[in-house]
Amino acid sequence: MDLIHPSTKADVVDAIRDANATGQRLLVVGGRRHLDKGNPSEVDAELWTTQLDRLVAYEPAEMIAVVETGMRIGELERILAEGGQEWPSDAPNDATVGGVIASGASSPRRLRFGALRDTVLEAEIVTGDGRLVRSGARTVKNVTGYDLHKLVAGSLGTLGVIVQVALKVRPLPRARRTLRFEGDLALAKELVDAVHDSTSVLATPGAVELRLEGWPEEMEEQTTIARRVAPATLTDDAPFPSDRPWEAMPIVVEASVPPSMLDAAVVGEAWGALPGVGLAWVGLGTSNGELGELRDRVRTAGGIAPVVRGTGGLGDASVAAPKVQRRLKEAFDPNGILAPGRGWVSAEA
């Protein structure tokens, strides 16, 4: 398989246009941390973004960082930490910024900080037919036009190659604390309701972790409230989560359901669930029956259950507005050169 390593945006444009001229099918690759998410796709070459790794602009006072999307998460964290700030992706250090955005990856701290796509203020994208387009603005105010920079978040590299983004970053918290409880998903839901402005509540089999971040005085108040709900052990400045049991399994599903239906997404003994968000990571064995049964439960609950590590693809759950998604694919990648069939819908379906 051919490997293409562009080092500039112009190189990406040239590579995409050449692929259109020759009919070469491409898979966009960053840190290879999120490639399992998506349906199998037959391609002729991989287009790597890792040489597009420059810091374009960063002024801590504005809390906006502009980077090329091949930058590794570890390098971005280092740069932002020097300014006392962070981009709360919680992704592996060797993942790329573009890969995290294109895969629609979720953070365990999503309860507090929301979806990462909402931190993308502006993006430059090379579409599947070789156009370099820009969407959004670096100022944090409403702008007119289509939110193409939000559209490509979670698109799995099937609409275009994200080459540069402006990210809204946040101050590093003054203090961090994790409270660990013995309990289940019911206790986790109770903590979400009781402890306002918590960073995360993560339930795993037999345990619940409550993450607090912010000013020390605020955290003390939250700690007092949490301990009224149930007894807990306390650790300051420890990594979070302390345990990810699902990562020991060969297949990991990221199930998304309405928050009130989260119980439907929790099966087995290797999972982590975020009440208040409606998200669960579930570790499974290699039996097709396990994955199928989980997807049936999640589908009935009104959700989706794509595999994010291992085999299994996106599943056959219905997606919102398939005709609109198909038209978008046709508009951005009319010749179908970008990972055909990898996304939720294809231009041919």
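Two strands count as paired if DSSP finds at least two bridges between them. Keep that in mind for the exercises below, which all use this predicted model.

**Exercise 1. Work out how S7 and S8 are arranged, and find the residue in S8 that stands opposite Ala-123.**

Step 1: Check the pairing. Strand S7 covers residues 120–127 and strand S8 covers residues 132–136, and five bridges join them. The cut-off is at least two bridges, so S7 and S8 pass as a pair.

Step 2: Get the direction. The two strands run antiparallel.

Step 3: Look across the pair. Ser-135 in S8 is the residue opposite Ala-123.

Step 4: Follow the chain round the turn. S7 and S8 make a hairpin, with four residues between them. Gly-130 sits in that turn and has a positive phi of about 90°.

**Exercise 2. Put strands S1, S2 and S3 in their order in the sheet, then place helix H1.**

Step 1: Write down the order. It goes S1-S3-S2 in an open sheet, and the pairing is parallel.

Step 2: Pick out the edges. These are S1 (2–4) and S2 (26–29), each of which pairs on one side only.

Step 3: Add the twist, which averages 25° from one strand to the next.

Step 4: Zoom in on S2 and S3 (residues 45–48). Four bridges hold this parallel pair together, and Val-29 stands opposite Trp-48 in S3.

Step 5: Now bring in H1, residues 9–22. This helix packs on the sheet and touches S1, S2 and S3, with its direction making about 160° with that of S2.

**Exercise 3. Track down the unusual backbone spots at Asp-237, Pro-241 and Ala-339, and say whether Asp-237 and Ala-339 are buried or exposed.**

Step 1: Recall the background. Most residues other than glycine have a negative phi, and most peptide bonds are trans.

Step 2: Go to the loop between S14 (233–236) and S15 (251–256), where Pro-241 lies. The peptide bond from Phe-240 to Pro-241 is cis, with omega near -10°.

Step 3: Stay between S14 and S15, since Asp-237 is found in that loop too. Phi of Asp-237 is positive, near 60°. Its relative accessible area is 57%, so Asp-237 is exposed; the cut-off is over 50%.

Step 4: Move on to Ala-339, in the segment after helix H9 (322–332). Phi here is positive as well, near 40°. Ala-339 has a relative accessible area of 1%, so this residue is buried; that takes a value under 20%.

Conventions: Residues numbered from 1 in each chain as written. Predicted model: local features only at pLDDT ≥ 70, side-chain atom pairs only at ≥ 80, totals over all residues. Heavy atoms only, no water. Buried < 20%, exposed > 50% of the residue type's maximum accessible area, 1.4 Å probe, protein only. Axes fitted to C-alpha atoms, helices over the stretch in contact; angles between N-to-C directions. Contact = heavy atoms within 4.5 Å.
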